Amino acid sequence: MAIEIVSSDDIRFERLSHGQNGRFPATEHDRASRIALCDNSDDVAEALERFIHQGLRPTVRSGGHCYEDFVDNNPGGAIIDLSLLAGTEPPAHGPKYRLGAGCTLGQAYPNLYKRALVTIPGGTCGPVGAGGHISGGGYGLLSRLHGVTPDWVSAVDIVTIDAAGKAHVRHANKSTDADLLRACRGAGGGNFGIITNFYFDTLPTAPAEVINGGISFEWEGMTEERFSRILYLFGNYWETRGQDPDTWGLFSIFGLTHRSSGHLNISVAFTNPDGTVNDTRVLDEYLAVFDECKPVAELTRHPAIAEHHPEPNHPGSPVCLANHTLNKLSWIDANSPSGGFRRPPGQPQLKFRHKYKSSYMKHGFTKEEAAIFYKHLNRTIPGVDLKGCVVLSDSFGGAVNKKQMLEETSLVQRESVLKCQFIASWTDPAQDAGHAQWIRDLFTELYGKSTAGAKYNGTPFWSDQYEGCYINYPDADMLQYDYWPQLYYGTGELYPFLQKVKKKYDPNNIFHHAMSIRT
C-alpha cells in the first residue's frame with residue numbers, strides 16, 4: 001500500500017482521528033488534519049520527514065489506548081498510524097521473534113502460540129497495540145512468573161529524526177544504540193522516535209493450561225470493618241506468602257468497585273511455574289484466605305477480558321465472579337480477544353470517556369487507607385453515575401522484582417507487591433467534572449500525608465510504602481508537581497539518563513507531549 005494519507009474529507013477520517021478514550025480530541029479544533037497509514041519502517045520514515053518539512057506536529061498511534069491527550073489532541077497536526085505494522089513473522093537472519101508495533105495483544109498471543117508455543121507476559125485487552133504497551137512497561141497475568149514484557153525485548157526498529165529533519169531507521173540492540181534500546185524498554189511512548197518493531201531473542205513458553213475464576217462480595221450489608229478485613233487479607237497475602245516463588249504463577253486483581261456496582265470482585269488467574277495446573281495447592285490456599293469473609297458465588301464460562309482497558313475487569317466488561325468454581329483453559333483460549341461487552345442490536349455504540357491514576361505499593365493496605373477507600377467507594381455526587389468508578393489493585397512482584405533488570409530497562413519499580421490503577425469511566429460529557437472530582441478527591445486524600453515528607457503530600461512518592469506511578473497510566477494531574485518525572489522514573493539516575501538519550505536522538509524535541517521526557 002505504501003503510505004495512505006487520510007484527510008478530513010475522507011469517510012475514514014472520523015473514525016481514524018480518535019482512539020479509545022472519548023475525551024479526546026477535546027474539540028473539533030483539537031483534531032489532527034490528517035492520518036498517515038504506513039506499511040513498514042520506510043513508510044514511517046517517509047511520512048515523518050514529509051510532515052516535519054510541512055511544519056506539522058507528528059503524533060503516533062499503535063492501538064489508540066493512550067490514557068491522556070498525547071495523540072488525539074493535535075490541532076492541525078498529523079497522526080502516524082502504525083496499526084498496519086502488525087506482522088509477527090521473524091526476520092530471516094536475526095532474533096527468533098518479532099512483534100510489529102501495530103500488532104494488537106489479541107493478535108500477538110495466538111500468533112506467538114502458533115509459531116513457537118511462546119508468549120509475552122502482557123496485558124489482557126485484545127485491542128491494545130504492542131507499540132505503547134511494551135515501550136511503557138506492559139504487564140499482565142504472567143508477569144509475576146516472567147516479569148514485564150520489556151524485560152524480554154532484545155532489539156527494536158525505531159525511526160528517529162535528526163537536527164536537519166532527516167529520518168533514520170535504526171535497529172537498536174545491545175551493541176548498536178544500546179542506550180536507545182534501554183530507553184525503549186519501559187520509558188513510555190512518544191519520547192525518542194517511532195518504534196516499528198520489537199524483537200526478542202527468547203520468550204517464555206506459553207503455559208499448557210491456566211485456571212481463571214474469582215470471588216465476589218456483595219456491597220449490600222458491607223460494613224467498614226468487614227471491608228477493611230477483606231482488603232487486609234488481600235494485601236497481606238501478596239506482602240508475605242506471595243513473595244515465595246511457588247506462588248508466582250498466581251495473579252489476582254481486587255476490583256474495588258463503587259458501591260453502586262453491587263459487588264466487590266477478586267479475579268484470579270493461575271498456572272504452576274511448570275505451565276500446568278496439576279497441583280492447585282497454591283490456588284486453593286489463596287482462595288481459602290477469604291473464606292472467613294463469606295464470599296458470594298457466581299459462575300462464568302470464560303475469563304474476564306476488557307475491551308477498553310489493558311487489564312482485566314474494566315467497567316462495562318463481563319466480570320469473572322466464580323467462587324471456587326474454576327475453568328481450565330488452554331493459554332490461547334484464555335487470551336482470546338473475543339471478550340468485552342457487546343451492545344444489543346439496534347442500540348448505538350457508546351463512546352466511553354476515561355480518567356486514570358496509578359500507584360505502586362511496597363506493602364499491603366493500612367487501616368487508614370482502607371477507611372479512605374470505603375469512604376469514597378460509598379460516596380455519591382448528585383447527578384453523577386459512579387458505577388464506572390473502580391480501583392484495580394493488582395498483585396505484583398515476583399519475577400518483576402528481579403533487581404538485575406534495573407540496569408537493562410527503564411522500569412525502576414522493582415520492589416512493589418501491589419500495583420493500583422484508579423479508573424473513572426462514563427459516557428455523558430456533562431458528567432466529566434463529577435467523575436474528575438471523584439477520582440482526584442480519592443487519590444489526594446489517600447496519599448494526603450506522604451511518608452516521604454510534606455512536599456510530596458497528595459502523591460504516592462517514593463518512600464518505605466510507595467514506588468511512585470506507572471507511565472503507561474499517565475495522569476496529567478501530576479504535572480502540578482515539579483517532581484512529577486521522579487514519580488514515574490524514580491529518584492536515581494534513570495531520568496537524567498533518559499534526558500541524555502532524548503537530547504541525542506531527538507535534538508529538536510519533535511516527539512513531545514505533556515508528559516514526555518524533558519531535555
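Helices (H or I, at least four residues) and strands (E, at least two) are DSSP runs, numbered from the N terminus. The model is predicted: local features need pLDDT of at least 70, side-chain atom pairs count only at pLDDT 80 or more, and totals for chains, interfaces and linings use all residues. Residues are numbered from 1 along each chain as its sequence is written, and side-chain values use heavy atoms, with hydrogens and water left out.

**View A. L117 and D177, two loop residues with positive phi.** L117 lies in the loop between α3 (105-116) and α4. Its phi is about 60°, although L117 is not a glycine. L117 is partly exposed (between 20% and 50% relative accessible area; buried is under 20%, exposed over 50%; 1.4 Å probe, protein chains only), with a value of 43%. D177, also not a glycine, has a phi of about 55° and sits in the loop between β7 (167-173) and α6 (178-184).

**View B. The cis peptide bond between F24 and P25.** Omega is about -5° here. P25 belongs to the loop between α1 (13-16) and β2 (34-37).

**View C. S395, a buried residue of strand β14.** The strand covers residues 389-395. S395 has a relative accessible area of 0%. Contact means heavy atoms within 4.5 Å. Leaving aside residues up to four places away in sequence, S395 touches R144, F234, W238, L250, F251, S252, V417 and L418.
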